Amino acid sequence: MYKRQVLGEPGWGLAVGLGLFVFIHLRHLRELYVWLTYHPGREPPVGSGVWGDLFDRLYKYQKSQRLTQQRLRDVIRRVQESSEAMRDSVVMLDSRGDLEWWNSAAERMLGLQTRHDRGQHITNLLRDPRFVDYFNARDYREPLTLASPIRDDLILQFQITLYGDNERLVMARDITRLHRLEQMRRDFVANVSHELRTPLTVLSGYLENYAALTEDIPAERLPPRWQRGLTQMQDQTTRMQNLVDDLLLLSRLETDHRLEQESRVDVAALLEQVAADTRALAEGHVIRVEIDTDRGLAGIEQELRSALSNLAFNAVRYTSAESTITLRWRAWQDGAALEVEDDGEGIDPVHIPRLTERFYRVDHGRSKATGGTGLGLAIVKHVLLRHDAHLEIVSQPGEGALFRCVFPAARLCLPEAGETPDALNGTGS
């Protein structure tokens with residue numbers, strides 16, 4: 001009778017139905033919780049209706065995620081195995097520069113230890129100031145060569161690559177053999193150049209004495225072959241002396257990394273001096289000087305003059321008469337730039353990447369005729385490297401050439417008291 005009363009009341013029947021509904025859902029929720037928390041790898045619990053469909057979908061999603069994770073683990077494992085097989089050091093850094101992972105070669109070359117160094121900042125372990133500056137500069141276009149932190153006889157070449165969310169990959173190659181071969185080449189060139197200087201000086205002295213002795217002798221009394229031979233010997237001796245001087249200068253720039261005589265360079269005065277020397281060499285060329293900034297430059301004046309003179313003299317040699325050559329000092333990006341621009345024949349862009357190589361010539365015949373040594377731009381490159389600068393070359397055939405020496409802001413100096421900028425746009429020949 002009581003049962004009939006309960007079922008006969010609509011409110012009680014609805015309450016019982018809702019209770020059963022909530023109970024079933026709570027039971028399925030508990031089964032879902034237990035499955036995901038304690039047994040995620042097992043088959044999903046059996047459910048009815050929408051819960052069965054939900055369990056099935058979750059299981060398929062979980063299975064696909066597990067397969068994806070397995071594939072990613074396989075990829076990571078293969079990358080690590082391939083990195084372990086490499087003879088070069090590979091070090092992975094996070095966005096802060098802390099060590100995350102490295103291969104066994106890094107342990108041998110850099111002395112990294114898994115138990116102690118994981119999570120350490122890279123500059124805490126590689127403390128050479130040159131590496132710290134290279135790491136913080138974030139300009140990794142050129143590699144850095146340093147000795148190993150654990151072995152002075154091991155020479156390493158570091159290259160850093162940015163990837164992902166500001167993470168970095170540091171690679172270090174063992175270039176000890178190449179470094180020794182390069183050092184042998186430098187020593188050989190320097191020694192040969194020194195040995196050649198003495199006989200060339202003696203030969204040049206005798207030629208000058210002979211020329212002085214025969215200066216008062218009428219030309220018709222000298223055999224033509226003698227006069228022609230004397231002239232050729234003098235020209236070739238001068239050319240060899242220039243080559244030896246350039247080789248010795250280049251050798252010194254490569255081996256001497258100290259800037260002991262560094263001082264403030266008055267760039268305006270330097271440009272005027274180089275312009276005067278260029279006018280003496282020019283044959284109808286128009287030489288212009290433009291100064292658009294009053295900032296000075298910290299460096300070695302003699303080396304900077306050598307670099308700028310090489311660029312200006314090359315412009316004279318490789319342009320026709322009546323061409324215009326402009327020497328310019330201007331603000332450029334965050335620093336400043338020394339520029340030598342001409343309106344000559346220009347250079348095919350295919351040659352530009354190799355122009356600073358020793359003895360590289362675009363036109364061998366014309367270079368021989370002008371008497372160049374093929375070392376001028378190599379000297380310019382090394383002078384700029386010693387002054388934290390770099391060379392940019394912009395040229396197209398028929399559109400002239402622009403050689404730009406770009407100096408960073410740290411190399412610039414404020415004008416001295418009483419010094420005013422000269423806005424020079426004059427021409428001369």
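Me: Which elements of the protein have the lowest and the highest mean pLDDT?

Reply: pLDDT is the predictor's confidence in each residue, from 0 to 100. Helices (H or I, at least four residues) and strands (E, at least two) are DSSP runs numbered from the N terminus. Here strand β14 (residues 427–428) has the lowest mean pLDDT, 42, and β12 the highest, 93. This is a predicted model, in which local features need pLDDT of at least 70 and side-chain atom pairs count only at pLDDT 80 or more, while totals for chains, interfaces and linings use all residues. Residues are numbered from 1 along each chain as its sequence is written, and side-chain values use heavy atoms, with hydrogens and water left out.

Me: Over which residues does pLDDT stay under 50?

Reply: Where pLDDT is low, the predicted coordinates should not be read in detail. In this protein that score stays under 50 over residues 420–429. The model has 22 contacts (heavy atoms within 4.5 Å) beyond four places in sequence for residues 420–429. The protein as a whole averages a pLDDT of 80, and 86% of the residues score at least 70.

Me: How many helices and strands does the protein have?

Reply: The protein has 13 helices and 14 strands. Among its contacts between residues at least 6 apart in sequence, 59% join residues at least 24 apart.

Me: Is D94 buried or exposed?

Reply: Buried means under 20% relative accessible area, exposed over 50%, and partly exposed in between, with a 1.4 Å probe and protein chains only. D94 has a relative accessible area of 11%, so D94 is buried. D94 lies in the loop between β1 (89–93) and β2 (99–102). A polar atom of the D94 side chain is 3.0 Å from the backbone nitrogen of R96. Not counting residues up to four places away in sequence, D94 touches E100, N166, E167 and R168.

Me: How does T161 count by relative accessibility?

Reply: T161 counts as partly exposed because its relative accessibility is 40%. T161 is placed in strand β4. Leaving aside residues up to four places away in sequence, T161 touches E167, R168 and L169.

Me: Which residues of α13 are buried?

Reply: α13 is mostly covered, with nine of its 11 residues buried. These are G376, L377, A378, I379, V380, H382, V383, L384 and R386. Just after α13, D388 takes a positive phi of about 60°.

Me: Which residues line the largest cavity?

Reply: On a 1 Å grid over the protein atoms alone, a cavity is a set of points where a 1.4 Å probe fits but cannot get out, and a pocket is an open set with protein on both sides within 12 Å along at least five of seven lines; lining residues have an atom within 4 Å of a point. The lining of the largest cavity consists of L304, A307, L308, L338, L384, C405 and F407. Its largest share, three residues, comes from α11.

Me: Which residues lie nearest the centre of the largest pocket?

Reply: The largest pocket is lined by 50 residues, and E142, P143, L144, L385 and R386 lie nearest its centre. Elements that each supply at least two lining residues include α8 (176–213), α9 (224–255) and α13 (376–386).

Key: A polar contact is a pair of N or O atoms within 3.5 Å; within protein, one must be able to donate a hydrogen and the other to accept it, and residues adjacent in sequence count only if both atoms are side-chain atoms.
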